[in-house]
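Q: Could you pick one part of this structure and give me a close look at it? I'd like to know what sits around it, and how that part fits in with the rest of the chain.

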Amino acid sequence: MFNSYLKFWKNAFNYKDHTNLKDFWIPQLFHILLILIFLIMDYFNKGNKLFVLFNTVIIIYIAIVLVPTIFMMIRRYRDVGIPIYYLFILLIGSIILMVFPNTKLHYVGKLVHLINLWILTKPTKKSVNK
């Protein structure tokens with residue numbers, strides 16, 4: 001498990017190699033768990049100075065892992081056999097659509113996120129790894 005997380009950071013700016021499902025999910029689950037821990041700590045510290053600290057830590061952490069995660073997504077798209085420009089269309093489209101809260105467009109943005117997740121979890125094509 002720890003090796004998958006190390007691979008995430010070793011290949012942070014590598015978009016040419018491959019990333020299997022395990023190496024994709026271990027870092028993602030770690031990031032989600034860490035962010036959830038900080039969100040829970042943030043929730044219980046509303047109204048004091050720690051609230052600002054936890055919010056700042058969450059924002060900094062997300063900013064740090066954003067680029068390596070995009071590079072990992074590029075590798076997964078390549079492993080699945082889908083052109084990477086679809087990733088950018090989906091990411092940009094979902095960001096634009098999520099800007100409209102309390103509208104149907106917001107829900108379309110969530111659907112686009114689910115489509116992206118579905119693509120990222122597809123099995124690797126055997127011909128890609130040759």
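A: Let's start at Thr69. Setting aside the neighbours within four places in sequence, Thr69 is in contact with Phe8 and Gln28. Keep in mind that you're looking at a predicted model. Thr69 belongs to helix H3, and with a relative accessible area of 11% it falls under the 20% cut-off, so it counts as buried.

Before following those two partners, a quick word on the overall layout. The protein has five helices and zero strands, and along the sequence that reads α-α-α-α-α. Its C-alpha atoms fill a box of roughly 55 × 40 × 20 Å along the principal axes. Of the 130 residues, 32% count as buried. If you take the contacts between residues at least 6 apart in sequence, 63% of them join residues at least 24 apart.

Now back to the neighbourhood of Thr69. Met72 is also in helix H3, and Met72 is buried, with a relative accessible area of 0%. Leaving out residues within four places in sequence, its contacts are Phe8, Thr19, Asp23, Phe24 and Gln28. So what ties Thr69 and Met72 together, given that Phe8 and Gln28 touch Thr69 and are also among the contacts of Met72? Some helix geometry helps here: an α-helix has 3.6 residues a turn, so residues three or four places apart point the same way. Met72 also has a distant partner in sequence: Asn11 is 61 residues away along the chain, yet the two C-alpha atoms are 7.9 Å apart in space.

Phe8 leads us to helix H1, residues 2-10, where Ser4, Tyr5 and Phe8 are buried. These three cover an arc of only 100° around the axis, which puts them on the same side of H1. What covers them includes H2 and H3, and you've already met two of the H3 residues that touch Phe8: Thr69 and Met72. Turn H1 around and the face away from its buried side carries the exposed residues Phe2, Asn3 and Lys10. Take Phe2, which is found in H1: at a relative accessible area of 59%, Phe2 is exposed. From Phe2 to Ile70 there are 68 residues in sequence and 20 Å in space, C-alpha to C-alpha.

Gln28, the other partner of Thr69, takes us to the largest pocket. That pocket holds about 660 Å³ of space. It's lined by 20 residues, and those nearest its centre are Gln28, Leu66, Thr69, Met73 and His113. The elements that each give two or more residues to the lining are H2, H3, H4 and H5. By class, the lining has 14 nonpolar and six polar residues, with no charged ones. So Thr69 has two sides to its story: contacts with Phe8 and Gln28, and a place among the residues nearest the pocket centre.

His113 is another of those residues nearest the centre, and H5 is one of the elements contributing to the lining, so H5 is worth a look, too. Helix H5 runs over residues 104-120; at 1.5 Å a residue, its 17 residues should span 24 Å, and its end C-alpha atoms are 25 Å apart, which agrees. Its buried residues are His106, Gly109, Val112, Asn116, Ile119 and Leu120. Seen down the axis, these fall within an arc of 130°, so they line one face of the helix. Helices H2 (21-44), H3 (49-80) and H4 (85-98) are among the elements covering them. On the face turned away from that buried side, H5 carries the exposed residues Lys104, Tyr107, Leu114 and Trp118.

One last stop, again in H3. Ile58 has its place in that helix and is buried, with a relative accessible area of 9%. Apart from residues up to four places away in sequence, Ile58 touches Phe38 and Leu39. The C-alpha atoms of Ile58 and Leu34 are separated by 8.9 Å, with their positions 24 residues apart along the chain.

To pull it together: H3 holds Thr69, Met72 and Ile58. H3 helps cover the buried residues of H1 and those of H5, and gives two or more residues to the lining of the largest pocket.

Methods: Residues are numbered from 1 along each chain as its sequence is written. This is a predicted model: local features need pLDDT of at least 70, side-chain atom pairs count only at pLDDT 80 or more; totals for chains, interfaces and linings use all residues. Side-chain values use heavy atoms; hydrogens and water are left out. Helices (H or I, at least four residues) and strands (E, at least two) are DSSP runs, numbered from the N terminus. The expected span of a helix is 1.5 Å times one less than its number of residues. Buried means under 20% relative accessible area, exposed over 50%, partly exposed in between (1.4 Å probe, protein chains only). The arc is that of the directions from the helix axis to the C-beta atoms. Contact means heavy atoms within 4.5 Å. On a 1 Å grid over the protein atoms alone, a cavity is a set of points where a 1.4 Å probe fits but cannot get out, and a pocket is an open set with protein on both sides within 12 Å along at least five of seven lines; lining residues have an atom within 4 Å of a point. Grid points are joined across faces, edges and corners, and a volume is the space filled by probe spheres set on the points. Ala, Val, Leu, Ile, Met, Phe, Trp, Tyr, Cys and Pro count as nonpolar, Asp, Glu, Lys and Arg as charged, and the others, Gly among them, as polar.
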